[in-house]
Structure formats: C-alpha cells, structure tokens
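Work through the exercises below with the sequence and the structure at hand. Each task is followed by a solution in steps.

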Amino acid sequence: MSNITMNINSDFETSKISFDDFREIILNDYRLAVESRIASLLGRKEVLTGKAKFGVFGDGKEIAQIALAKVFQPGDWRSGYYRDQTLAFAIGISSIYHFFSQLYANPDLEADISSGGRQMNCHFSTQLLDKEGNWLNQTAQKNSASDISTTGGQMARVMGLGLASKLYKENRNLDYLTYFSRQGREVVFCTIGNASTSEGVFWETLNAAAVKQIPVVISVWDDGYGISVPNDVQMAKADISEVLKGFQRENNSNGIEIFKVRGWDYPALCEVYEQAARYAREEHVPCVVHVTELTQPQGHSTSGSHERYKSVERLEWESAFDCNLKMRDWLLQSGIAQEEELKDLEKEAKDFVRQEQRRAWADYHKTLQVDLDEAIALLSAIENPMIEVPLKTLQSLAEPSLKEVYGHVRRAIRDLRGIDSPEKDGLMTWYAQKQVQNYDRYNDKLFSDTLDSPLKKDGISAHYEQDVSIVDGREVLNACFDANFRRDERIVAFGEDVGKIGDVNQGFAGLQEQFGELRIFDTGIRESAIIGKGIGLALRGLRPIAEIQYLDYLIYAMPVLSDDLACLSYRTKGTQKAPVIIRTRGHRLEGIWHSGSPMTVLLGGLRGLHICVPRNMTQAAGMYNTLFRSDEPALVIECLNGYRLKEKMPTNVGDFMVPIGIAERIREGRDITVVSYGATLRVVQEAAIELEKLGISLEIIDAQCLQPFDRTEICRQSLGKTNKLLVVDEDMPGGAAAFIMHEILEKQNGYYLLDGQPRTLSAKPNRPPYGSDGDYFTKPSVDDVVELAYEMMSEYNEGAFPRLF
C-alpha cells in the first residue's frame, strides 16, 4: 500500500511548461475550489430560505476532486455519488448554473442537464443519447453514469463499465464500435463515502474487480463519519485501507493497488491520482485511493447540524484542516500567489457564483411565470364570483410553484361545475394542453420509447418443417442463444454456472466452447455485482444477458435493479439507457427455497423494466429474439420445471419474435375467462379438460408479460363474451393476481362486463413445504382451479351447477 504524505513545496514536474503557465493552472484549480465551496454555502441558504427543498453538497472534498479531474480523459467514466460537485465542475459535466438549476428542480433539460428536474441536487449524469435515442460518441466526451442516492449503489455498475474496456481491448471483433471505446483505454473513476464501504455491494464489486482486473480507480472520501456515526463504529480498525490490505496484489496476483493520501495535500493528491490512473489505464489494475482527513463543513445535508454529534475538538480540527484553507496556505508559503491576489480571486469567485445562482433562479422563475400568467389571464376572463378566491390567491403569489398554480386552477374548475361559458371552455382547453406538458415535465420516459423499443417490434411467427424435431425445451433456448451470438458480436452472457457447464439447466450448454470466455463466462455468487455488470456493459454499447440463477436470488440484487436500472431512463429524462436482459428461472419447484414467485415485489420495485413470464421455452426464445433487437431493459422468468418438457424446434429459432406486452388466447371457451401465466398456466389447461366433463368451458388467456400487460386488451374482449373472470397465479394472495385484476377491471373497463364476482386463486401466504404434498396444499392445483371455477358457475346458475360442498 502506498502512503503519500504532504510536502509543502512546489516540487512539480515543470520542464514541459513555463512557470507562468504552471502557476495559472494551480490558481485556476484554487479558483474552482473556491467557487464550489461558495456554491455549497449558497445552496444551503437557498434551501433554508425555502427556494429549494433539500440539499446535499460536496464541501470539504474540493481539492481531492480537482486532483482526480486532472487524469480524467475523454472516454473515461464516472460512477459516483452526491458529494462530487467539484469533480463534476472540473471535468465539465456540470456547471454552477446547472448545479443551481437542479437545486431548484428546473424541469427544463437544458437547465438541469443531468435530470430535467427529476433528481435532487448533486446527482450528476451525462447525456449519452440524442433526441431519437441513438448513441452519442462516448469517446469524444467525459461520461458519467446517472447518480443514485442508494448508499453504495454506485459500486455495482462499476463492474460493467470497467469490464467493457477489458472486452473492447481483448475482443478485436468489437473494433467497429468506435463510439464506445478506443481499444479499451478508458478508466472508470468511482467515488464513495467511507461509511458506504460498509455496504455489501462495495465488497461484492471490489472482489469482482480484483478477480477480473478491470480498469477502475475507486476513491474513498473519508471525512471520519457516516452522518453521525464515526469510523470506529463503521468498520474494523476504523480505516478502510487497513481493512483492504488482503486485496493488495503481490507476486503478480490479481489483487488491487491501494493508496492512502490526505485530502488537503494538493501536490500529493495530484501525484497519487496520476499513478493510480496509469495503473488502471495501462495495466488494467484496479486501484483504491483512500483520501483521509477530509472535512464536511456543513454536515451531512440541510436536514440537520453536525454540531450535534461532533466534539468541540473535532470541529476546531476541521476548521484548521479545511482543504481549501490548506491549499491557500500552501499557495502563499510556496510563493505561487500573494495575499491580495487571492483575495481578489476569492471575491471574483463569489461574484461569479452569485451571478450564476441568480441566472438559474431567474430562468426557473420564468418557467413558472409563463404558466402563472396564463392561468391568471384565463381565470380573469371568467365572470363568476366562485373564481375570486383562486384568482386573487394566484395574483398575490410572490414566488409561485406549479403545484400552487394548478392546485388553484383545479379548485376553480371544481367550483365551476355545471356552469357553461366560452371562457370556461377556454380554461378547460388550456388545462388539458398543460396536462400533456406537465406529463412531459414530470412523468415521461419511464421507458426509452425510441424506434427500437420492444413495443414497436412486430411479432414474427415461428416456422416448423413438416418433419419437425421434438426436443427438450432447453434445446430450443440453446439454439436461440447460439443463433443470436452468431448474429450479434455485442451479445455477452454471464452468471453463476453460465460458462463452463452452460447454466444449471443447460440453456448455454456448449456455447462457451464455441464463442469463448470473453462472451460467455462464469461469475462468483454476487447478485448485485452481476446486475451491475449488466448495467455498465449496456451503458457502453454491449448487449448483456445477466443471469440470476433462481428467481428468489433476484431479491439480493433488488436495490441495484430498482434504484439504478429500472429508473435509469426516467431519472435521466431519456438521455441514458441500459438494455440489459436479466434471465432467471422460478415458479413451480417444490420446497421453501427456489419455489417462490415474488411477482408483487417485482411489479412494485421494477417499474421501468419489462417483465416477461413465458409459458414455455419457445415463447421465451421468441421474447429473447425481440429483446435482442430492442433497446429497453427486461426481466425474463423461465419456468423452472419446463426445461425437459417436449417442444417443437422452429426452423427460424433465432429470428421469430414474440411481441412484448401482448397476451394470447390459447383456448377458446364460453363460460369463464381465466387469465394466468408461467407455470400455473399448465395447471389451468389441465383443469379445463376436467371442467369440460362438468359442462364448463374455460377461455384461457396467457398474459405472457406483466409489464406491460395485455396492450391489445384481449382480456377485455374475452370478458365481453364470458362475463366472468378468474385470475390464477402462484404469487401471494393479493399479489400479481390483484395487479392483473386492476389492469382488466379498471384500466380496460372490464368491470362493466361482469355478471358475477371476479375471483383470484393464488398460493397460500406461507412458502411451500418440501415435497409434492407440500406443493399440493400450498400452490394452486388442478383440483383448486376446477372447484373454484365450478363454484363461480354455481353462483351464476345453481340449478345447472349444484354446490359441491
């Protein structure tokens, strides 16, 4: 481990530039540090005066981030967190104006270039796509994955961002993708707070990075605390670099390089980052830079004061060892600058920040003022005493918000109910138009919605020869993957047991031998890192299949899936995308483990992913074929007990496409519409045969996808014929079946077609005990479906269907 201590001198390499140029560079660095600090101080005031809602800032970490920025090159990547404002300013991915525009939540993407007002301040992002959703040239800009607030959450995607450089370096077949890499010379710069290194995702990712030897430099900003909790409670030895010593590479091992440097030591910081970046860029050795003795002058955020938990001695030390103050002292002591010169610089910096803050506020206020003025004009034209209160309230607003504008407009509309006039019609027309604009401001881009959206891909039927081969379902998947790996060099697949043995159910059997370990490979047991790997690779133009071995293991990766991948398009307002395909298997295994079907969790946590639930491997293959040709992330859940069931082998196994979000009627019937998916679909099909003997005809709908659900409203069409609805799945009661019920009855207006109570049949609340008997008494069985369908018909016509019990 390298320890760098402070040398208070000007011992820089200056042979290539003049002293005046050298001096100007350093003074510009100090100017930026001062501007960033003033932005933090002023930002806090804007929150406390009510102009902004909440603030987190990067004060106390300015000098280290400026040193890091010096080695950050075009094509490089940042995966950081909400203390990186100085770094963002230094590498040019944000500015003081953009910083304050985000603080005010300006919904204009030109003002808040990171998120269009959707993220709180200091959550940075670079735009990777043009307005049509096409990739921009990442090698021509400095790149940043969109920040998330999840503690340590920025770690997971580091694996994929760095692994992409490794693949671009070693796989010459990817050389045509010049927009994404210069033959793998890019470095990923990850930043994390010292307390967040206690999170499991930090250790998962660091371990994986060491194993794969990816080009990453991880900076740990160590200010001694995690909010109020000091280091000695956070980690062993109260020192993360000491804890990490076992990762230090030795004797050509595949470990990491560790550096430790003080955060107020400008010369040492510059030296450390130059050395770490060289290791990562030229040798693909991951590095950790532990930056110690940092401060946090304003505490964690605007929600509290750090004086509550820091001692007087600690606060005095922080004042004395503030990094900006220490750099200022060094500039004076080394003769690089004079006192009056620095005072002038600091005044100019303060004036500049205040000017940019006022400009950002004025632009944000203009956005609000347009809507306010239009609302006032329309309300003023209506001659009705009911308008007086909302109108006068809007006219008196000193600092309006859109919430207030539209809240009072909606109140006026309610008060005018039953009253007709041209002026009211004008108000209603305006309000309807503004609803569209406000949807664009605050709700659009949950999915990328480009021309390559899977929802814009037409289905292509599977074709079969006359003498069709009947094979295990897994062989259909295997042939599908084989064809697509031949077609598209960008596709890679990885996960536990995916490589050598071809996954536990043989979907990739033999494919590693054909396509090599760069494209199909095993990983350790680290679900968060597997998903993060997929996100990073997809951000850099590759097409990853990230396999999670079993559905219940997906829960271990939910923070990465939910907080990063699922909301990526939304929180960047469509300027970033990561078309990862997550492949897993689940449903009908017998026992407490691997038998869960937690669809409720997935539906609630993965808004922004397509959730595909194919009934067999042919349908799964068709969905994969569609997703491989699309640009949105998706989760495909294969039926765990279906790999050895016999299916026909399509002749166009790599080309036929099952459309996403289109339900399918797989059995015509007259009495009850039964909607199901996945493994329970076969249960319903068996029950339908039994029910025919009882004079009951089921119409069976395979949902195929839960997100989106039944875009062509086949369920409603069927319900118009049968007027009775039963939803069957093996999620918990009130789970996915209730979601499906909501989709059909409320969104499709199926409620008005019912002539009986709609019913659901799900698993019991407990997990299934081990064995077939436990499964029978816990999950929907053929008998359960038969008896519930019969009960529904009995309630409808007891004379024809006398009660069973």
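**Exercise 1.** Determine how much area is buried between domain 1 and domain 3, and which residues of domain 1 supply most.

*Solution.* About 3400 Å² is buried between domain 1 and domain 3, with carbon and sulfur atoms giving 61% of this area; buried area is the accessible area (1.4 Å probe) that two parts lose on being put together, summed over both. Arg118, Leu167 and Glu204 together supply 18% of what domain 1 buries against domain 3, more than any other three residues. The model is predicted, so that local features need pLDDT of at least 70 and side-chain atom pairs pLDDT 80 or more, while totals for chains, interfaces and linings use all residues. Residues are numbered from 1 along each chain as its sequence is written, and side-chain values use heavy atoms, leaving out hydrogens and water.

**Exercise 2.** Locate the two domains and count the residues in contact.

*Solution.* The domain assignment, automatic or from a database, places domain 1 at 19–337 and domain 3 at 454–648. Their C-alpha centres lie 33 Å apart. Across the boundary, 48 residues of domain 1 are in contact (heavy atoms within 4.5 Å) with 33 residues of domain 3.

**Exercise 3.** Find the salt bridges between domain 1 and domain 3.

*Solution.* The count is 2 salt bridges, each requiring a side-chain nitrogen of Lys or Arg within 4 Å of a carboxyl oxygen of Asp or Glu. Glu186 forms a salt bridge with Arg540, and the closest N and O atoms of this pair are 2.8 Å apart.
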